[in-house]
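I opened this model to note how its parts are arranged and what surrounds the ligand. My entries follow in the order in which I looked things up.

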Amino acid sequence: MQLTKEEQEFLDGKHGNAAKKSMEILKALGEIYGAEKLIPVTSVQVAGVSYHNLGDAGLEYLEELAKDGKIRVRTTLNPAGMDLKDWKKLGISDEFAEKQLKVISAFEKLGIEPTATCTPYLIGNKPNIGDHISWSESSAVCYANSVLGAKTNREGGPSALASAITGKTPMYGMHLDKERHAQITVNVSAAIKTLDDFSALGYAIGKKIGNKIPYIIGIKEADTDQLKIFSASIATYGGTALFHIEGITPGKTIIPEEKTETAQKDIDDAKKALNDDCEIDFVAIGCPHASLNELKQISKMLERKHVKITTWISTARKTLDEAEKLGITKIIEDSGASLAPDTCMAVAPLKGRFICMATNSAKACFYARGSNGFKTRFGSTEQCIEAAITGTW
Ligand code: F3S
């Protein structure tokens, strides 16, 4: 891979140790994937923020980088393992909090905004169409490529961080227009309307086509929240970094000849597969992080009601601040439900605390089952909130 004079200086350690390490990562990555060169990025999103996932080894790595590293491009952070201000409310121990705050402090030393959200595009880190970026949260990667028309590979936490410190990424994969064409046409004949429908659709298509890029037809309309939850589930269950939806997403693509169909039965089967036979003891909404619009809807459902079981609504702190001004947070908190800013049901240390989680997100089911060993109930937002109020599914 061809390096510019400045990039070579990074590699030679002339800009410090963090920059040298970062350039080594990007050069190795570029060579593995056959990139000809590095290109500048305009935005970075770093995943791997929860101390629960990083552990002491991850914390040490970050603190080492923070000794002399500084970011060169706007960078935001994925959710952490707790509410960064009021972790006690969520039942997080002070020992965990101490480590988590050290992680955040290392990121801040590097110059990174401690946004702690998987929806950076809802709180101001919103790339423009055609921008080359380096993001490492799979749902946000899929949303950025597909809905915003920006260009990013599915980075890992360390490679995104390396991009933040150098301002560069290797030019391969999703950065190349020829790699962004759809590979299979998916005709959706099912009725897809609600958030859980879109989430189940992502599950069904992802399971069927794996990491191929789909050209999806048959969806009449989809709003931001629906595309957000769809991005999360198709990226989780299939692994694609990009989808095209006819008439909705901005990407240009050839129309693939290979075809498949997603029928009502596939959606019903997906919903069935995400539902275990269990008594719920936890309700978790906000995967990906809830938008202001979702918080408004949830507050209406919870107005003058009381929840009987632990209920978390995960969101970005910036979204929470906006909700606070509108009086929405008070309504939600008065019901006994917890707003869980900066974190989520998947990256918080919740193992052993619950048995059966209800959610409207197929991605949340994946991590609840895989990382926390919970059973899951899957349904609409209304169903989940109703279950929180009545205590039964
Ligand atoms: Fe976001 Fe956590 Fe879901 S990071 S996409 S809320 S698993």
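Before comparing helices I wrote down the angle classes I would use: under 35 degrees counts as roughly parallel, over 145 as roughly antiparallel, 65 to 115 as roughly perpendicular, and the rest as oblique. I also noted that this is a predicted model.

Entry on a helix pair. I looked up helix α8 (residues 224-237) and helix α13 (residues 362-370), which pack at an angle of about 45° with their axes 7 Å apart. The two helices α8 and α13 are therefore oblique to each other. For the residues involved, I listed Ala 232, Ser 233, Thr 236 and Tyr 237 on the α8 side, which meet Ala 362, Lys 363, Cys 365 and Phe 366 of α13. Sorted by character, the residues of this contact between α8 and α13 are five nonpolar, two polar and one charged.

Entry on domains. The assignment divides the protein chain into domain 1 (5-177), domain 2 (181-272) and domain 3 (275-390). I then checked domain 1 against domain 3 and found their centres, taken over C-alpha atoms, separated by 27 Å, with 25 residues of domain 1 in contact with 21 residues of domain 3.

Entry on the ligand. Which domains supply at least three residues each to the shell around the ligand? Domain 1 (5-177) and domain 3 (275-390) both do. The surrounding residues are Pro 79, Cys 118, Glu 137, Ser 139, Gly 286, Cys 287, Pro 288, Cys 344, Ala 346 and Lys 363. I counted their character as six nonpolar, two polar and two charged, and I noted that strand β10 (residues 282-290) gives the largest share of the shell, three residues. Lys 363 appears twice in my notes, since this residue belongs to the ligand shell and is also among the α13 residues that meet α8.

Entry on backbone details. Is the peptide bond from Cys 287 to Pro 288 cis or trans? The bond is cis, with omega near -5°; Pro 288 is found in strand β10, and both Cys 287 and Pro 288 are listed around the ligand. Elsewhere I marked Arg 304, whose phi is near 55°, a positive value in a residue other than glycine; Arg 304 has its place in the loop between α10 (292-302) and β11 (310-315).

Entry on the three-stranded sheet. I traced an open sheet of three strands in the order β3-β2-β4, with parallel pairing. Strands β3 (75-77) and β4 (134-135) stand at the edges with a single partner strand each, so one side of each has no neighbour in the sheet. Strand β2 (residues 44-46) pairs with β3 in the parallel sense over three bridges, and Val 46 stands opposite Leu 77 in β3. Helix α6 (residues 157-166) lies across β2, β3 and β4, running at about 140° to β2.

Entry on the four-stranded sheet. Here the order is β8-β7-β6-β9, again an open sheet with parallel pairing. Its edges are β8 (244-245) and β9 (259-262), and each has a single partner strand, so one side of each is left without a neighbour in the sheet. Strand β7 (residues 214-217) is joined to β8 by two bridges, with His 244 in β8 as the bridge partner of Tyr 215. Helix α7 (residues 195-209) lies across β6 (184-188), β7 and β9, and runs at about 145° to β9.

Note on methods
Residues are numbered from 1 along each chain as its sequence is written. This is a predicted model: local features need pLDDT of at least 70, side-chain atom pairs count only at pLDDT 80 or more; totals for chains, interfaces and linings use all residues. Side-chain values use heavy atoms; hydrogens and water are left out. Two strands pair if DSSP finds at least two bridges between them. Contact means heavy atoms within 4.5 Å. Axes are lines fitted to C-alpha atoms, for helices over the stretch in contact, and angles run from 0 to 180 degrees between N-to-C directions. A residue is near a molecule or strand if one of its heavy atoms lies within 4 Å of it. Ala, Val, Leu, Ile, Met, Phe, Trp, Tyr, Cys and Pro count as nonpolar, Asp, Glu, Lys and Arg as charged, and the others, Gly among them, as polar. Domain bounds come from an automatic or database domain assignment.
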